Amino acid sequence: MNQITINSDGDIWPCPLYIGRGNYKIGNIYDDIYTINSGFKRINKMLQSVNKETHEDCRNCVASFWCTKCPAKSLIEKGKLIIDKEDYDRNIKLTELVLTKLFQIMRSGRFEEFLNKYKKLYSMEVI
């Protein structure tokens, strides 16, 4: 679980998409720490099947670091993490294009120039 959401009633949920889905409620901010802790453990166990880090297809995917697939949506709609073939193909193709372009830049000896432009464009100190 990467985030939590607390609604206006103080109910704690694993993310906004789960609000109102009773079996995903972690607890309430006014509950004692043992109840909340128990809720976190229960929800973590429930969400293991849709965790991209533990899902075999996602864990072994070259594009997993920028995939925007929402595990919550898949779990709510389908009851488990379903990999959309179209999304998968698009992410793989994009990854291949980026890596090919990066290889061309490196091979041409322009990698430092690329990094400097990237840092300047995105105001990043370290990549």
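**Reading an elongated fold: surface, core and one helix face**

Modeller: The protein exposes about 9500 Å², and carbon and sulfur atoms supply 55% of that area. Keep in mind that this is a predicted model.

Colleague: Which secondary structure elements does the protein have, and in what pattern?

Modeller: Count the elements, then read them in order. The protein has 5 helices and 3 strands. Along the sequence the pattern is β-β-β-α-α-α-α-α.

Colleague: What radius of gyration does the protein have, set against a compact globule of 127 residues?

Modeller: Compare the value with the globule rule. A compact globule of 127 residues would come out near 14 Å, but the protein has 20 Å. Then check the box. Along the principal axes, the C-alpha atoms fill roughly 60 × 35 × 20 Å.

Colleague: How many of the residues count as buried?

Modeller: Buried means under 20% relative accessible area. Of the 127 residues, 26% count as buried. For contacts, look at sequence separation. Among contacts with a separation of 6 or more, 33% link residues 24 or more positions apart.

Colleague: Take one helix. Which residues of α3 are buried?

Modeller: In α3, the buried residues are P71, A72, S74 and L75. Next, ask how they sit around the axis. They cover an arc of only 165°, so they lie on the same side of α3.

Colleague: What covers the buried residues of α3?

Modeller: The cover includes α1. Look at the end of α3 too. Just after α3, G79 takes a positive phi of about 85°.

Colleague: Where is D84, and is D84 buried, partly exposed or exposed?

Modeller: Place the residue before reading its accessibility. D84 is in the loop between α3 (71–78) and α4 (85–107). Its relative accessibility is 34%, so D84 counts as partly exposed.

Colleague: How far apart are D84 and V98 in sequence and in space?

Modeller: Give both distances. D84 and V98 are 14 residues apart in sequence. C-alpha to C-alpha, D84 and V98 are 21 Å apart in space.

Colleague: Now the surface. Which residues make the nonpolar patch of about 450 Å²?

Modeller: I4, I6, I29 and Y30 make this patch. Take Y30 as the example. Y30 is found in the loop between β3 (27–28) and α1 (33–47).

Colleague: Why does Y30 count as exposed?

Modeller: Exposed means over 50% relative accessible area. Y30 has 71%, so Y30 is exposed.

How values were computed. Residues numbered from 1 in each chain as written. Predicted model: local features only at pLDDT ≥ 70, side-chain atom pairs only at ≥ 80, totals over all residues. Heavy atoms only, no water. Patch = residues over 30% accessible without salt bridge, like charges linked within 9 Å, V, L, I, M, F, W, Y side chains within 5 Å. Areas by Shrake-Rupley, 256 points an atom, 1.4 Å probe, with all protein chains shown as cover. Salt bridge = Lys/Arg side-chain N within 4 Å of Asp/Glu carboxyl O. Helix = DSSP H or I, 4+ residues; strand = E, 2+ residues; numbered from the N terminus. Buried < 20%, exposed > 50% of the residue type's maximum accessible area, 1.4 Å probe, protein only. Rg over C-alpha atoms; globule rule 2.2 N^0.38 Å. Contact = heavy atoms within 4.5 Å. Arc of directions from axis to C-beta.
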